[in-house]
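Please open the model in your viewer and keep the sequence panel beside it. The tour moves from one selection to the next, with a short account of what is found at each stop.

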Amino acid sequence: MGKYFGTDGFRGEANETLTVEHAYKVGRFLGHYYGKEHKAKVVIGKDTRRSSYMFEYSLVAGLTASGADVYLLHVTTTPSVSYVVRSEDFDCGIMISASHNPYYDNGIKIINGKGFKLEADVEALIEQYIDGEIGELPFAKKDDIGKTVDYAMGRHRYIGYLISLATKSFKDLRVGLDCSNGSASTIAKGVFDALGAKTYVINNEPNGLNINNNCGSTHIEVLQEFVKEKGLDVGFAYDGDADRCLAVDDKGNIIDGDLILYLCGRYLNERGELNNNTVVTTVMSNLGLYKAFDKAGIKYEKTAVGDKYVFENMMKYNHSLGGEQSGHIIFKKYATTGDGILTSLKIMEVILEKKTKLSELLKDIKIYPQLLVNVRVNDKAAARADEDVLKAAREVEEALGEDGRILLRESGTESIVRVMVEAKTDELCQEYVHKVVDVIKAKGHAIA
């Protein structure tokens, strides 16, 4: 990770750690970088945060001042930006979003011309320019100054693409959608309505301040209650920029990213579409998932946390399915990034093709109890490397043996150390997580 760019772009509190000056300089650099040999074309999307408009205008100013033409998708999803970039010959795309973070945070995600997340060496150059380590860039003059174009049609083409991927009508199926008052609010309901579902939508009225606020994939309990109350067949919850999806089955049970990988991995394997008979996961995936894959004869890879690393592995070894427990699921045949709405469509495909309720399709997998505690700290690297903290983690690891595991890691986007334990019971998870958390606090690393 760089000084500004983490595992998922440049993220921070708006006008604190991420400012309009930062956004302007990002735009200035990208317009210059991609416009050396031709007039650069850049497409921008944003989520529903109040500050997204501010950052959009700052990016546009920087890009056009460097000579780039900018195409505005307006409020849309991260995967739609990726789709438009790779299908319509743009030099790069920018998504303004802090994903699942609260409304006062925001972020700048940059997508290269192939629809992938931007290369680390280019991010490093942007950081150098922000810090004044690269000389001032020339301004475009006269007719070389860039223009802006309203490009809502790009979002509409993406919606059409999603609809085209469905294999069967959703007629008579009762589907709940939690749009998290975010990007999915412009897309999800229209897709499900077009496919014939009886669609019931909540948290679909963004006001700039309510994105992810007690809703969406980070508050799945809201959708659980909604599905049970309405007697729905299935429900899907998205995050702020709709690149992740969690589901709720017909009985109100949570279907997280691990269960989605198991469901879709088995389905693709049966159809001969699971390349290398392998699913790509991260180190956060549940031990129960691996045991279920072993039983089903499906192989798996483990990467660092971040869909960026999942996709790198998929590209390197030509795997077709990968994702994270948090709901970033990548179907490489159809997308180059996690896509929450696409994921929900693929789950619907399995339900329809199997003619079976979602709860029945997942009855054979046993997920281990898991507890994740996020500790906000002054210095996440120092807290993570503290010898007493590491000693406590080793003691937990030895106590768990083969009946569980502990994972201690730094957040890629926040000043947080994450402590995760899987064990046979919730009580053991509590005991062992707090054995490590208590040491982090006792050593003075935690922010009160």
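**First stop: a lysine in a helix**

Select Lys346, which counts as buried because its relative accessibility is 7%, where buried means under 20% relative accessible area, exposed over 50% and partly exposed in between, with a 1.4 Å probe and protein chains only. This is a predicted model, in which local features need pLDDT of at least 70 and side-chain atom pairs count only at pLDDT 80 or more, while totals for chains, interfaces and linings use all residues. Residues are numbered from 1 along each chain as its sequence is written, and side-chain values use heavy atoms, with hydrogens and water left out.

Leaving aside residues up to four places away in sequence, Lys346 touches Phe331 and Tyr334, contact meaning heavy atoms within 4.5 Å. Lys346 is found in helix α11; helices (H or I, at least four residues) and strands (E, at least two) are DSSP runs, numbered from the N terminus.

**Second stop: the sheet beside α11**

Extend the selection to the open sheet of five strands, whose order is β9-β8-β10-β11-β12 and whose pairing is mixed; two strands pair if DSSP finds at least two bridges between them. At its edges lie β9 (198-202) and β12 (254-255), each pairing on one side only. Strand β8 (residues 174-178) runs parallel to β9 over five bridges, and Leu177 has Val201 in β9 as its bridge partner. Helix α11 (residues 340-354) packs on this sheet, touching β8, β10 (234-238) and β11 (245-248), and its direction makes about 165° with that of β10, the axes being lines fitted to C-alpha atoms, for helices over the stretch in contact, with angles from 0 to 180 degrees between N-to-C directions.

**Third stop: strand β5**

Now select β5 (residues 92-96), where five of the five residues are buried. Cys92, Ile94 and Ile96 cover one side, and Gly93 and Met95 the other, all of them buried. Which strands pair with β5? Strand β3 (residues 41-46) does so in the parallel sense over five bridges, with Met95 as the bridge partner of Gly45. Strand β6 (residues 105-112) pairs with β5 in the antiparallel sense, also over five bridges, and there Asn112 is the bridge partner of Cys92.
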